[in-house]
Amino acid sequence: MSQRVAYYDVAPDGMKIMMDMEKYTKTSKIHRTIRELIKIRVSQINGCAFCLDLHTADARKMGETEQRIYCLNAWNECTYYTPEERAALELSEHITLIPTKRVPEDIYKRVREYFDEKQYVDLVLIINQINSWNRISIAMGNTATEK
């Protein structure tokens, strides 16, 4: 991977906070599959090749199918995502595109059909975390490299 700044070396305290949040999100009751689908979908919206490369590889390692990975950008036209995944993906899009989409009450209610109050907060944190990672990766010039 190439990058503009060795940001873990330059700002270790800030990056520790990012890593601590990452550890927290992994302890949530949000299923790992949903967490990875969120990370991929948000990274698609933000155009973060580095994070897409990382999270699609992670999803494959945990058994995610190529079909479901490839169709994430059109998840709402597919029948093979669960209702819980669909709710989480819809929330992900609305939070990522918050200036134009916001998070209307009907989406909040739809998400809450599948996730309790704590899980809703954790979903919001997971979505914000990957948005932060995307912005860090893009700003720092991280690039996906062929393996």
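**Crossing of α3 and α6**

I started with the handedness of the α3 and α6 crossing, and the crossing is right-handed (clockwise turn of the near helix from the far one by less than a right angle; anticlockwise would be left-handed). The helices themselves are DSSP runs of H or I with at least four residues, numbered from the N terminus. A note to self: this is a predicted model, where local features need pLDDT of at least 70, side-chain atom pairs count only at pLDDT 80 or more, and totals for chains, interfaces and linings use all residues. Residues are numbered from 1 along each chain as its sequence is written, and side-chain values use heavy atoms, with hydrogens and water left out.

Next I looked up the packing geometry: α3 (residues 32-46) and α6 (residues 83-96) pack at about 35 degrees, their axes 10 Å apart. The axes are lines fitted to C-alpha atoms over the stretch in contact, and the angles run from 0 to 180 degrees between N-to-C directions.

I then listed who touches whom, with contact meaning heavy atoms within 4.5 Å. On the α3 side I found, among them, Ile34, Leu37, Ile38 and Arg41, and on the α6 side, including Ala88, Leu89 and Glu93. The residues of this contact divide into seven nonpolar, four polar and four charged (nonpolar: Ala, Val, Leu, Ile, Met, Phe, Trp, Tyr, Cys and Pro; charged: Asp, Glu, Lys and Arg; polar: the others, Gly among them).

**Salt bridges**

My rule here was a side-chain nitrogen of Lys or Arg within 4 Å of a carboxyl oxygen of Asp or Glu. The count comes to 10 salt bridges.

I was pleased to see one of them in the α3 and α6 pair: Glu93 and Arg41 meet at 2.8 Å, N to O. This pair links distant parts of the chain, 52 residues apart. I checked burial too, and both Glu93 and Arg41 are buried (under 20% relative accessible area; exposed is over 50%, partly exposed in between, with a 1.4 Å probe and protein chains only).

Glu64 and Arg68 also form a salt bridge, at 2.5 Å, and both are buried.

For Asp106 and Arg110 I read 3.6 Å between the closest N and O atoms. Both lie in α8 (residues 105-112), four residues apart, about one turn of the helix. Asp106 is partly exposed at 44%, and Arg110 is partly exposed at 30%.

**Asp58**

Last, I visited Asp58 in α4 (residues 49-61). Asp58 is buried yet has no salt bridge, and the nearest side chain of opposite charge, Lys61, is 4.2 Å away (Lys and Arg count as positive, Asp and Glu as negative; His and the chain ends are not counted). Leaving aside neighbours within four places in sequence, I found Asp58 in contact with Arg32 and Glu36.

Key
Helices (H or I, at least four residues) and strands (E, at least two) are DSSP runs, numbered from the N terminus.
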